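This report covers a single protein model, from its overall make-up down to individual residues. Please read it alongside the sequence and coordinates.

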Amino acid sequence: HLFSLTRRETFEYIKHRLSLAGAKEEIFTPDALEAVYVYSKGTPRLINLTCDSALLSAYVLDAKVINDDIIREVIKERSLERFTEFKEEGLDVLTK
């Protein structure tokens with residue numbers, strides 16, 4: 001069981017994973033990193049899912065930098081997916 005990361009640990013974790021993947025420059029703006037932390041509450045699985053989706057969105061948008069607007073869009077899409085899953089299971093609630 002993994003524990004939640006602090007804000008600083010979250011930022012370092014994202015930067016570390018990007019460097020392992022070969023990133024040479026900053027890809028996430030400070031506001032984007034903050035948005036990932038606030039949404040994920042430092043949960044590594046949510047950090048990974050959010051960042052992976054943001055990287056894919058940036059690729060589709062041909063964006064060289066991921067800002068908080070891209071993170072917000074990713075979060076919105078993830079929330080809609082979760083809502084759809086609950087609706088399909090007969091649960092009519094939107095969780096946060």
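The text below goes from the whole chain to one buried residue and then to a surface patch.

The model is predicted. The protein chain has 4 helices and 0 strands, and its elements follow the order α-α-α-α along the sequence. Of the 96 residues in the protein chain, 27% are buried. The accessible surface of the chain is about 7000 Å², and carbon and sulfur atoms hold 56% of that area. Among contacts with a separation of 6 or more, 58% join residues 24 or more positions apart.

Two residues, one in helix α2 and one in helix α3, are set side by side here.

| Residue | Helix | Relative accessibility |
|---|---|---|
| Ser40 | α2 (residues 30–40) | 1%, buried |
| Val60 | α3 (residues 44–61) | 64%, exposed |

Ser40 counts as buried because its relative accessibility is 1%, under the 20% cut-off. Which backbone oxygen does the side chain of Ser40 reach? The partner is the backbone oxygen of Val36, at 2.8 Å. Leaving aside residues up to four places away in sequence, Ser40 touches Leu46 and Ile47.

Val60 counts as exposed because its relative accessibility is 64%, over the 50% cut-off. Together with Leu56 and Tyr59, Val60 makes a nonpolar surface patch of about 400 Å².

Conventions
Residues are numbered from 1 along each chain as its sequence is written. This is a predicted model: local features need pLDDT of at least 70, side-chain atom pairs count only at pLDDT 80 or more; totals for chains, interfaces and linings use all residues. Side-chain values use heavy atoms; hydrogens and water are left out. Buried means under 20% relative accessible area, exposed over 50%, partly exposed in between (1.4 Å probe, protein chains only). Contact means heavy atoms within 4.5 Å. Accessible areas come from the Shrake-Rupley method with a 1.4 Å probe; for residues, only the protein chains shown count as cover. A polar contact is a pair of N or O atoms within 3.5 Å; within protein, one must be able to donate a hydrogen and the other to accept it, and residues adjacent in sequence count only if both atoms are side-chain atoms. Patches are made of residues with over 30% relative accessible area and no salt bridge: like charges are joined within 9 Å, nonpolar side chains (Val, Leu, Ile, Met, Phe, Trp, Tyr) within 5 Å. A salt bridge is a side-chain nitrogen of Lys or Arg within 4 Å of a carboxyl oxygen of Asp or Glu.
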